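Colleague: I have a few questions about how this model is put together. Could you walk me through them?

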2 protein chains.
Amino acid sequence: MSNQVKAEILSVGTELLLGQIANTNAKWLSARLAQMGVHMYYHGVVGDNEIRLREQFFQAKQRSDLVIVTGGLGPTDDDLTREVASEVIGASILEDEEALKRIQAVFAHRPMTPNNRKQARILQGSTILPNDVGLAPGFVLTKEGTTWIFLPGVPREMKAIMEQHGFDYIQSRFAISSTIYSKMLKFVGIGESQLEHDVHELIQKQTNPTIAPLASEGEVALRLTAKAFSEQEAKALISESERMIMQRVGSFCYGADGDTIEHKVFQLLQASGEQIAAAESLTGGQFMNQLISIPGASAICSGGIVCYTASVKEHVLNVPKLLIEQYGTVSEACAIELAVQVARKLHSSIGISFTGVAGPSELEGQSVGTVYIGIYHAGKQPYAKKFHFHGDREAVRQRSVKKGFELLYHYLK
Amino acid sequence: MSNQVKAEILSVGTELLLGQIANTNAKWLSARLAQMGVHMYYHGVVGDNEIRLREQFFQAKQRSDLVIVTGGLGPTDDDLTREVASEVIGASILEDEEALKRIQAVFAHRPMTPNNRKQARILQGSTILPNDVGLAPGFVLTKEGTTWIFLPGVPREMKAIMEQHGFDYIQSRFAISSTIYSKMLKFVGIGESQLEHDVHELIQKQTNPTIAPLASEGEVALRLTAKAFSEQEAKALISESERMIMQRVGSFCYGADGDTIEHKVFQLLQASGEQIAAAESLTGGQFMNQLISIPGASAICSGGIVCYTASVKEHVLNVPKLLIEQYGTVSEACAIELAVQVARKLHSSIGISFTGVAGPSELEGQSVGTVYIGIYHAGKQPYAKKFHFHGDREAVRQRSVKKGFELLYHYLK
């Protein structure tokens with residue numbers, strides 16, 4: 001393992017202290033540095049105030065090997081990071097010729113206000129970390145045993161600088177040889193408590209990798225995090241744990257890391273050569289929207305019909321008036337008919353339908369959260385399932401869509 | 001004005017330092033406290049580590065009037081906030097009878113593990129801030145001039161405790177008489193730089209309220225923030241600035257604060273008694289989805305058709321094959337036809353259509369980002385407008401939807 005690198009992040013900006021934005025920079029940097037095996041000990045936020053900034057810089061200098069400072073490098077007068085850092089670290093400020101040239105190039109075809117020149121100023125002895133997407137570059141210097149990395153506060157610029165230059169610099173500066181690798185396993189159709197119960201023994205016993213359950217809207221996941229000398233070794237450790245998890249709950253696992261359930265459904269449809277159409281009442285187009293957000297969706301989905309009112313169900317999707325009168329629109333019969341009709345109308349081999357009560361008021365005597373999802377597949381018996389989702393209007397609509405993808409996933413698999 | 005209250009937030013939890021979650025608690029608390037006129041000087045994050053926690057508590061004690069601590073009050077062994085705070089503040093820990101009763105009531109029908117009892121433990125001399133949505137209550141105590149508020153780290157519980165008890169406590173404890181009030185004015189159809197240019201003089205001159213421009217996907221806003229002794233006075237200050245802003249850019253302003261452009265369109269449709277239907281190609285149902293997310297949407301939108309492929313445009317929406325062959329689906333002619341047909345098919349007085357190239361590849365020889373939006377209104381000449389949106393597939397789709405609402409807003413107004 002590497003020598004333990006003690007790190008902290010210091011974010012500068014009054015907008016953070018006023019609660020106008022969350023400190024997503026600290027989150028992003030921390031997640032990436034954790035993967036590298038850097039030990040993050042503190043996050044701090046301070047405003048554009050000279051006295052408090054100085055105090056925080058002094059403290060960081062005393063306690064950390066690596067201090068990452070975000071923000072306060074901009075062109076205006078309240079950007080103080082450079083000046084205060086110069087004083088605390090004991091390095092004078094100079095104008096970097098390369099950085100200035102880059103800034104001047106950006107303003108080649110429009111007037112450059114003098115204050116933009118300020119953004120080419122760095123601390124003497126530092127190495128530039130070029131900013132390929134904005135004006136102010138990052139820079140890094142080591143003095144009295146502390147390595148300081150200064151970065152602009154704009155997340156897009158901060159991330160680009162770190163991705164392209166910063167993380168490599170840290171890796172070589174601290175001769176980091178260990179690595180932390182993590183994998184997220186994703187599940188549908190199993191509740192958080194059931195999942196935890198089924199793998200409880202593994203969670204308790206395992207220390208490398210650690211296994212942590214995570215829950216979000218309608219989905220659960222297990223995060224496996226391994227430490228090792230090499231990525232290969234870490235992956236092998238994870239692989240072994242994954243195997244044991246799969247023995248217990250594998251049938252509910254649909255993917256890992258960046259996978260989404262809609263993307264899985266897209267792939268299954270693609271592989272089977274099927275086309276799907278949707279009839280959406282309470283979900284209002286959200287199911288189709290999520291499918292169509294995937295590039296290449298036209299191969300598996302030609303479209304669908306948003307049938308929010310009974311009239312559209314009847315006149316556009318040909319649901320018999322008698323059926324609606326007898327069973328209502330929020331019914332198994334109506335869900336089945338919608339799924340069949342939308343597939344027929346759009347010449348698709350699969351039809352899915354959503355009809356239910358999103359709220360805030362009940363409908364046709366049915367309570368908020370009652371939802372029917374219908375599925376038709378050419379040549380098979382169409383069917384519908386009834387669900388009851390908790391939460392407000394948005395939650396009920398989102399959970400309906402998620403459940404629709406879950407049903408399709410299990411059906412197509 | 002009130003005496004200046006110097007505050008800081010200390011968030012406890014290794015998950016923050018590992019970058020697993022962002023510190024949204026600090027953001028939320030800060031925004032609310034700023035409105036009350038509390039001066040936030042620092043945010044700090046520290047892990048579940050006794051030594052560093054003690055060090056942070058000591059520092060906070062020395063420099064702040066109000067310290068809000070979130071996290072570390074849970075049932076497990078790594079929740080150390082209580083123990084370390086007890087030592088630093090000099091207040092012993094005791095079990096609160098009321099809090100214990102509440103916890104026992106939650107476990108009335110299921111076994112309560114002994115560690116849950118820990119969550120009833122508070123510092124001697126503190127006042128309980130009841131937790132109506134979870135187990136661990138918050139508590140507050142003042143010692144040696146510093147007021148400490150301890151809160152659970154789960155955002156939902158933390159917010160509920162503060163909303164119901166915490167902010168009132170702070171207000172009365174510090175006899176806060178000044179107030180900060182802010183209003184967000186929202187604009188469409190004007191770019192950020194143009195908006196800034198048009199109100200530049202006001203932004204420069206004004207100090208109370210301050211005026212800050214903000215930009216997000218396809219929209220711009222101005223945030224007006226006033227300080228005063230009373231809400232009434234603050235509102236009067238804002239009102240005067242708002243009047244001056246409206247003189248310059250009022251025609252682009254569609255609302256304030258929680259208003260959204262889709263909600264404005266909903267209200268305009270409601271007021272005019274019109275019904276809208278949408279034919280969505282590249283936007284895949286997202287326009288309808290946003291309308292239908294508003295309760296009561298059935299009065300103004302009966303549904304629509306997602307016509308992602310040429311075949312659906314032709315066979316479901318009756319766009320003549322010849323038209324598609326001659327002009328393509330990404331054309332003014334097709335957009336107009338789609339708007340007319342969807343309104344007719346769904347018996348609606350207004351039809352809107354979206355057809356274009358979301359990417360990643362070009363289509364029919366047209367570049368990514370080319371989008372036509374068609375509008376039909378019964379008895380009027382239908383028309384379509386061509387746009388070119390920048391960004392990736394998701395950005396193009398989102399901007400198309402936003403632009404559709406913007407066109408409707410200006411049309412209906």
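Colleague: At what angle do the axes of helix 3 and helix 4 of chain A cross?

Modeller: Happy to help, and bear in mind that this is a predicted model. Helix 3 of chain A covers residues 50-63 and helix 4 of chain A covers residues 81-89. Their axes come within 10 Å, and the crossing makes helix 3 of chain A oblique to helix 4 of chain A, because the angle falls outside the ranges for roughly parallel, antiparallel or perpendicular. The crossing is right-handed, and its angle is roughly 45°.

Colleague: How do the residues of that contact of helix 3 with helix 4 of chain A divide into nonpolar, polar and charged?

Modeller: Helix 3 of chain A contributes E50(A), L53(A), R54(A), F57(A), F58(A) and K61(A). From helix 4 of chain A come T81(A), V84(A), A85(A), E87(A) and V88(A). Sorted by type, they are six nonpolar, one polar and four charged.

Colleague: Which strands stand at the edges of the open sheet of ten strands?

Modeller: The order reads 17(A)-16(A)-15(A)-13(A)-14(A)-14(B)-13(B)-15(B)-16(B)-17(B), with mixed pairing. An edge strand has a single partner strand, so one side of it is left without a neighbour in the sheet. That describes strand 17 (383-388) of chain A and strand 17 (383-388) of chain B.

Colleague: Which residue stands opposite A278(A) in strand 14 of chain A?

Modeller: Strand 13 of chain A spans residues 276-280, and strand 14 of chain A spans residues 301-307. These two pair in the parallel sense over five bridges. Opposite A278(A) stands G304(A).

Colleague: Which residue in the turn between strand 7 and strand 8 of chain B has a positive phi?

Modeller: Strand 7 (residues 138-143) and strand 8 (residues 146-151) of chain B pair in the antiparallel sense over five bridges, with F139(B) opposite F150(B). On another side of the pairing, F139(B) is also the bridge partner of I128(B). Strands 7 and 8 of chain B form a hairpin with two residues between them, and the one with a positive phi, about 50°, is E144(B).

Colleague: What kind of axis relates the two copies, chain A and chain B?

Modeller: Chain A can be laid on chain B with an RMSD of 0.1 Å by a turn of 180° and a shift of 0.1 Å along the axis. The same surface serves both copies, as 100% of the contact residues of chain A recur in chain B. From that turn and shift, the copies are thus related as by a two-fold rotation axis.

Terms used:
Residues numbered from 1 in each chain as written. Chains lettered and ligands numbered in written order. Predicted model: local features only at pLDDT ≥ 70, side-chain atom pairs only at ≥ 80, totals over all residues. Heavy atoms only, no water. Least-squares fit on C-alpha atoms with pLDDT ≥ 70 in both. Contact = heavy atoms within 4.5 Å. Axes fitted to C-alpha atoms, helices over the stretch in contact; angles between N-to-C directions. Helix = DSSP H or I, 4+ residues; strand = E, 2+ residues; numbered from the N terminus. Parallel < 35°, antiparallel > 145°, perpendicular 65-115°, else oblique. Left-handed = near helix turned anticlockwise from the far one by under 90°. Nonpolar A, V, L, I, M, F, W, Y, C, P; charged D, E, K, R; others polar. Pairing = 2+ DSSP bridges.
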